[in-house]
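The exercises below ask for strand pairing, helix packing and residue exposure, and each is followed by a solution that goes step by step. Please work through each task on the structure before reading its solution.

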Amino acid sequence: MRRSLLVAAALLTLAVAPPAVVPRAWAQPYPARPIQFIVPFATGGPTDTAIRVIQPQLAASLGVPVVLVNKPGGGGAVGMDGVAKARPDGYTLAATVRSTLTILPATQPDVTYKISDFAVIGSYAIDSGVILVKAGAPWKTLEEFVDHARKNPGSVTYGSAGLGTNSYFNMELLQQAYGLTLSHVPFSGSGPVKNALLGGHVPIGAAALSAVLSVVRSGDLVVLATSASKRLPVIASAPTMTEKGQPDASLSTWMELYAPAKTPKPIVDRLSAALEKTMRDPDVIAAIDKAGLTVEYRDPAATLTLVERENAVVTRLARKLNLGR
Amino acid sequence: MDLLHGLAYGLSVSLQPPNLTACFVGVFVGTLIGVLPGIGPVATMSLLLPITFAMSPTASIIMMAGIYYGAMYGGSTTSILVNIPGEAASVVTCIDGYQMARQGRAGPALGISALGSFIAGTFSVLGIMLLAPPLTSVALRFGPPEIFGLLLLGFTMVTYLTAGSKLKAVAMALLGMLLGTVGLDPIAASPRFTYGSVTLGDGLGLVPIIMGLFGISEVLLNIGQGVKQEVFDTRIKGLMPSREDWRRSAGPIARGSVLGFLLGILPGIGAIIPTFVSYALEKRIARQPERFGKGAIEGVAGPEAANNAATGGSMIPLLTLGFAPNVVMAVLLGAFLIHGVQPGPLLIKEHPEIFWGVITSMYVGNLMLLVLNLPLIGLWVQLLRVPYGILFPLILLFCVIGVYSESANVWDIVVMLAFGVIGLLMKRFGFEAAPLVLAFVLGRMAEESIRQSLLMSNGRFSILMTRPIATVLIAAALIVVALPVIVSPVRRLLRTVPPDDTA
């Protein structure tokens, strides 16, 4: 009786001990059980949609079920903080957007994690940022708008999805690039920006493409510029900021996967390979397209370069705008 | 002709066996989670979203929508029976619904909720079909100044939400507004009252507050008083509304339907505010406003119609603009996108089967809900016989599960429990929770819309006076506030003068 108790206690100790101290004798090749992805946003947004769309194929190429757990809060900070502190065994990962590692720490003093707290698995899709006006607006091109805004400094308002969102940074970067002064009217998300534009409450606005695509395709709103690196097939007539000679003056919403920083390299490699394979699947590409997003796969190294570049741009601008203090 | 064609086509879609099944599952699950306190439509729809992968887009949307309006039917049940709202849009139903139950009239209260919901649901389906395009353009004219005007009008309703002291109601409303300021400021995103907590940055959640103030506090109150299950003793008088009940309810149902539908279309309003407005309106125009809070059936019929009509109304911006006017619609929008369908102006052309199928399914679903709910009334009333010793732990359990499932955040449970204690104290000292909830909902939105308005106008308040809709709404709010102040002294003056004919 006592013996079996002792054995049970010993087993229990083994089970809770960190793997670095006592190597688990029953270690199996990764992945051996379902993988949990923390989505740091509520159900229904583009980040959630993107990972749900690729979930079945990602699970297939990993050979284990992929479980999505929505942990919204703090604009994504609650979920990301959880992943940063999770056990680095490859079973708790983040399905997030890049801005949770760049804009969020730069603008929110209470966010304490850093890029170096995560290991990059890869980027897989973008939700392009767009600058748009209502159909029939006096400006047909970005240049015409810039002209108008230059002549009327401070009196032209713009709508964004809120302070500290990609759309806000896109408009601030635009002002910086062209030397404009616009007045900011923040709304709570890309959907309300769309409404404000359609209702004529703000003359110009920035939003995420997925939220406005239906009214852009119907011709009710017109895109003056996108943040994508090349023209998007769904709105082929809309020029990119790169074409305008301003490659660093716009941000896209990048859908990315991360693991906690100390996750062993073979595990991260296995995950990256699975993501790459998933994003080559024509069915996945079509499904991502239909959701208003665009497939843009980047391997871990390329992703990290882009993240650090975006971080530099964002941090500099946040400091200039006196955000996050 | 186009409409009839669309209608016939829609019915042919929604009556296909898989879609019919999806509709039934949706409304059934919706009723169930509506009845369970704490567990609301947002959490349920999010949890069930993965299941819809295997279904056609049409069936998925039909099921998701069914959960939402089904929850509106179920939500009133616990409000009426145990004074705990089944979901957020049934908060006001507690006020008179529970009093009716105490008087042994739980059956008619449940009956009028179901029938009123059905009438309102039918009305809003007709509204969507006939008026979706014109109403969309009206809704778009509601920019920040108009929304602010509307919310200001909403604030004037606060004192109608109490049968007791008006001063206490105003005090609670101020507390509600104050609680609404916790979190990141909606414009400058700077933290307020967050004490370095990332969780508090999102502000306090509506669901934890409601479940705490109404659910937990009710349980605590009953424990404190020792178990005396008063509703047991009262004989249950009839299960169906009487002719007199109908006479009283017809107006409130009609007004609640129109009000709920129109408010539901507007961004951010959701299904909660219309219920408060409907209640306040009925009390305002009632011949005997003192009956409210003491089991007036009008106070159940109006708000229950309003929340159901609002669910229909909020489908309009989603279907015609691809805009989610509230959190529930955001989940529904996600369901559309995951299935590769973009709701918006082109939906009716690109996916007529979804557009018409979903709309007609809402009518079918409302019919199912009526058939489902009327026989259930007898069963629900029996629930009152469940000993509190069993019922209350279950309620606590559902509240905890519900609040956690909404956000996956343990702190929300702590918030709920804290508000449970606050709610207990409020009940003990005669403060009512409804004004607090209304002001909490309105406060944050009002702050956001007034500040947006001023940013739009470069700081000039004249923007509120130069836009007709905003001006009318603000004027209406001022009149509602000023009227009693002017009218009652005048009346008193008239009363003191002896009438000539009797002299």
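**Exercise 1.** Determine how many bridges join S1(A) to S2(A) and in which sense the two strands run.

*Solution.* S1(A) and S2(A) run parallel and are joined by 5 bridges, where strands are DSSP runs of E with at least two residues, helices are DSSP runs of H or I with at least four, and both are numbered from the N terminus. Two strands count as paired if DSSP finds at least two bridges between them. As one such pair, Ile38(A) has Val69(A) of S2(A) as its bridge partner. Strand S1 of chain A, residues 35-39, is mostly covered, with 4 of its 5 residues buried; buried means under 20% relative accessible area, exposed over 50%, and partly exposed in between, using a 1.4 Å probe and protein chains only.

The model is a predicted one, in which local features need pLDDT of at least 70 and side-chain atom pairs count only at pLDDT 80 or more, whereas totals for chains, interfaces and linings use all residues. Residues are numbered from 1 along each chain as its sequence is written, chains are lettered from A and ligands numbered from 1 in the order in which they are written, and side-chain values use heavy atoms, with hydrogens and water left out.

**Exercise 2.** Place S1(A) and S2(A) in their sheet, giving the strand order and the edge strands.

*Solution.* The sheet is open and has 6 strands in the order S2-S1-S3-S10-S4-S11 of chain A, with mixed pairing. Its edges are strand S2 (66-70) and strand S11 (294-298) of chain A, each of which pairs on one side only. From one strand to the next the twist averages 25 degrees, where axes are lines fitted to C-alpha atoms (for helices over the stretch in contact) and angles run from 0 to 180 degrees between N-to-C directions. Within this order, strand S4 (residues 118-127) and strand S10 (residues 253-260) of chain A pair in the antiparallel sense over 8 bridges, and Val120(A) has Tyr258(A) of S10(A) as its bridge partner.

**Exercise 3.** Describe the open sheet of 5 strands in chain A and find what packs on it.

*Solution.* The order is S7-S6-S8-S5-S9 of chain A, and the pairing is again mixed. Strand S7 (183-186) and strand S9 (221-226) of chain A each have a single partner strand, so one side of each lacks a neighbour in the sheet. Neighbouring strands are turned by 30 degrees against each other on average, with direction ignored. Strand S6 (residues 157-160) of chain A runs parallel to S7(A), to which 4 bridges join it, and Gly159(A) stands opposite Val185(A) in S7(A). Helix H6 (residues 166-178) of chain A packs on this sheet and touches strand S5 (129-134), S6, S7 and strand S8 (204-208) of chain A, while its direction makes about 145 degrees with that of S6(A); contact means heavy atoms within 4.5 Å.

**Exercise 4.** Work out how H4(B) is set against H5(B), and then against H6(B).

*Solution.* Helix H4 (residues 57-82) and helix H5 (residues 93-102) of chain B pack at about 55 degrees with their axes 6 Å apart. H4(B) and H5(B) are therefore oblique to each other, since angles under 35 degrees count as roughly parallel, over 145 as roughly antiparallel, 65 to 115 as roughly perpendicular and the rest as oblique. Residues in this contact include Ser76(B) and Ile80(B) of H4(B) and Gly97(B) and Tyr98(B) of H5(B).

For H4(B) and helix H6 (residues 106-140) of chain B, the angle is about 160 degrees and the axes are 10 Å apart, which makes the two helices roughly antiparallel. Among the residues that make this contact are Tyr73(B) and Thr77(B) of H4(B) and Leu110(B) and Phe118(B) of H6(B).

**Exercise 5.** Classify Ile401(B) as buried, partly exposed or exposed, and describe the packing of its helix.

*Solution.* Ile401(B) lies in helix H17 (residues 388-407) of chain B and, with a relative accessible area of 39%, is partly exposed. The axes of helix H9 (residues 206-224) of chain B and H17(B) come within 10 Å and cross at roughly 165 degrees, so H9(B) is roughly antiparallel to H17(B). Val207(B) and Met211(B) of H9(B) are among the contact residues, as are Phe392(B) and Val403(B) of H17(B).
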